[in-house]
Amino acid sequence: GHLPEDTTVGELVQAAYDEHRHVTDGAVATYISQLAAADPTGCAASVVSVTGRAFEVGDAAVRFSIQSVSKPFVLALVVEALGPDRARNLLGANATGLAFNSVMAVELHDHRTMNPMVNAGAIAATSLAPEVAARRPARGAADPADSPDRAWDVVLGGLSAFAGRTLEVDDEVYACESASNLRNRSIAHLLHSYGRLHCDPDVATDLYTRQCSVSVDVHDLAVMAATLADGGVNPLTGARVVSDRTCAHVLAVMATAGLYELSGDWLWEVGLPGKSGVSGAVVTVAPGKGGLAVWSPLLDDAGNSVRGQLITRSLSRALGLNVFASA
Ligand code: GLN
């Protein structure tokens with residue numbers, strides 16, 4: 001089945017937003033100073049169907065850094081290029097049960113990454129971007145296959161293809177996070193010491209930090225999610241970004257770990273693969289139907305948007321999206 005007809009979807013998105021937009025639980029992230037400046041009252045939601053219909057409510061014009069919502073999309077690019085078996089072998093597909101920035105997760109689990117939805121696995125995934133770039137045709141002698149610039153082109157070009165427009169880095173977020181990402185650099189060097197990183201650790205951390213700083217709005221994220229829902233074809237541009245097989249694997253790991261240590265609670269309530277980020281964004285994929293995105297900066301203790309979870313839960317129920325439901 002598909003989503004209900006347009007007027008119904010539009011009304012249900014508005015109703016879910018109205019129901020939860022004034023909830024004041026949670027707190028904005030402060031460990032990246034640019035995020036601490038976010039408006040705690042900000043709230044927007046978007047739904048994009050696989051047929052290319054878009055619905056937006058709230059502060060939909062506000063842009064924010066994509067943060068961890070970039071993780072499934074970069075993973076998709078890596079799975080597509082390296083194949084699912086090698087990608088899972090290198091990155092993992094099981095829950096950590098620990099916070100997104102956990103160092104212990106690496107120490108406790110055989111000195112390897114558990115999954116690419118948390119920082120260790122995501123930095124390892126991004127460290128494969130130079131290899132993905134090297135598989136593409138060179139653009140000339142001045143463009144060595146292993147240059148970080150080419151790897152960055154793969155990441156930004158891939159995220160842009162998912163969004164259906166040319167995305168850019170928020171330079172202030174990038175500068176600020178680069179100056180304060182000691183923990184991520186530590187994770188990268190630790191993985192490197194265990195032979196679990198696939199390029200220079202400082203290059204990997206820098207690519208990852210840039211990836212997290214990409215500026216998007218809630219509509220962009222819903223289009224990106226809808227592309228995963230549509231088996232890898234962007235429903236607005238019609239471009240194939242990745243294969244349907246790649247999408248299915250990415251959705252599996254999102255369901256397992258997309259909301260970190262609270263992923264089981266999320267799956268219980270929403271019944272769909274999702275991914276959150278510390279800027280307050282949550283994307284959700286209803287396979288074969290569409291993509292949902294909510295942005296609202298107040299976060300729970302795990303770093304997941306409080307209103308984002310509530311609005312998505314309401315929409316999943318109202319639109320009948322739970323993949324575990326039989327009717
Ligand atoms: N850039 C952030 C970090 O690495 C992303 C984390 C997140 O969104 N949970 O700490």
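## Close-up views of a two-domain chain

**View 1. Strand β1 ends at S49, a residue with partners far along the chain.** Setting aside neighbours within four places in sequence, S49 is in contact with L3, A226, P235, K289 and G290. This is a predicted model. S49 sits in strand β1, residues 44-49. Is S49 buried or exposed? S49 is buried, with 22 other C-beta atoms within 10 Å. Take P235 from the contact list. S49 and P235 are 186 residues apart in sequence, yet their C-alpha atoms are 7.6 Å apart in space.

**View 2. Domain 1 meets domain 2.** The domain assignment splits the chain in two. Domain 1 covers 6-67 + 216-319, and domain 2 covers 68-214. Their centres, taken over C-alpha atoms, are 21 Å apart. Domain 1 gives 41 residues to the contact, and domain 2 gives 37. On the domain 1 side, the elements giving two or more residues are α2 (33-36), α12 (218-229), α13 (244-257), β6 (274-276) and β7 (281-286). Which element gives the largest share of that side? Helix α13 does, with 10 residues. By class, the domain 1 side has 21 nonpolar, 16 polar and four charged residues.

**View 3. The ligand lies between the domains.** The shell around the ligand is made of Q67, S68, F100, N101, N119, E177, N184, C212, G277, V278 and G303. By class, three of these residues are nonpolar, seven are polar and one is charged. Why is the ligand said to lie between the domains? Both domain 1 and domain 2 give residues to the shell, so the ligand lies between them. An unreviewed UniProt entry lists S68, N119, E177, N184, Y208, Y260 and V278 under "binding site".

**View 4. N119 lies in helix α6 and is part of the ligand shell.** Helix α6 spans residues 119-126. N119 is buried: 27 other C-beta atoms lie within 10 Å. Which residues does N119 contact, leaving aside neighbours within four places in sequence? They are F100, N101, N184 and I187. F100, N101 and N184 also belong to the shell around the ligand. N119 is among the positions that the UniProt entry gives for "binding site".

**View 5. V278 lies in a loop and is part of the ligand shell.** The loop runs between β6 and β7. V278 counts as buried, with 24 C-beta neighbours inside 10 Å. Beyond its neighbours within four places in sequence, V278 is in contact with A29, L35, Q67, S68, L299 and G303. Q67, S68 and G303 are also found around the ligand. The UniProt entry includes V278 under "binding site".

**View 6. Q67 and H111 have positive phi values.** Most residues other than glycine have a negative phi. Q67 has a phi near 50°, and Q67 is not a glycine. H111 is not a glycine either, and its phi is about 60°. Where are these residues? Q67 lies in the loop between β3 (64-65) and α3 (70-82). H111 lies in the loop between α5 (104-108) and α6. Q67 counts as buried, with 26 C-beta neighbours inside 10 Å. H111 is partly exposed, with 13 other C-beta atoms within 10 Å.

**View 7. P84 lies in helix α4.** This helix covers residues 84-91. P84 counts as partly exposed, with 18 C-beta neighbours inside 10 Å; 20 or more would make a residue buried. Leaving aside neighbours within four places in sequence, P84 is in contact with V79, R245, T246 and H249. How far apart are P84 and A99 in space? They are 25 Å apart, C-alpha to C-alpha, and 15 residues apart in sequence.

**View 8. The largest nonpolar core has 112 residues.** Both domain 1 and domain 2 give residues to this core, so it lies between them. Which residues have the most contacts inside the core? They are V78, L221, A222, A225 and A293. Not counting residues up to four places away in sequence, A293 touches S46, V218, L221, A222, A225, A281 and V283.

Key:
Residues numbered from 1 in each chain as written. Predicted model: local features only at pLDDT ≥ 70, side-chain atom pairs only at ≥ 80, totals over all residues. Domains from an automatic or database assignment. Contact = placed C-beta atoms within 7 Å. Helix = DSSP H or I, 4+ residues; strand = E, 2+ residues; numbered from the N terminus. Nonpolar A, V, L, I, M, F, W, Y, C, P; charged D, E, K, R; others polar. Near = placed C-beta within 6 Å. UniProt positions renumbered as here; feature names shortened; annotations may be inferred. Buried ≥ 20, exposed ≤ 12 C-beta atoms within 10 Å, placed from the backbone. Core = buried A, V, L, I, M, F, W, Y, C linked by C-beta atoms within 7 Å.
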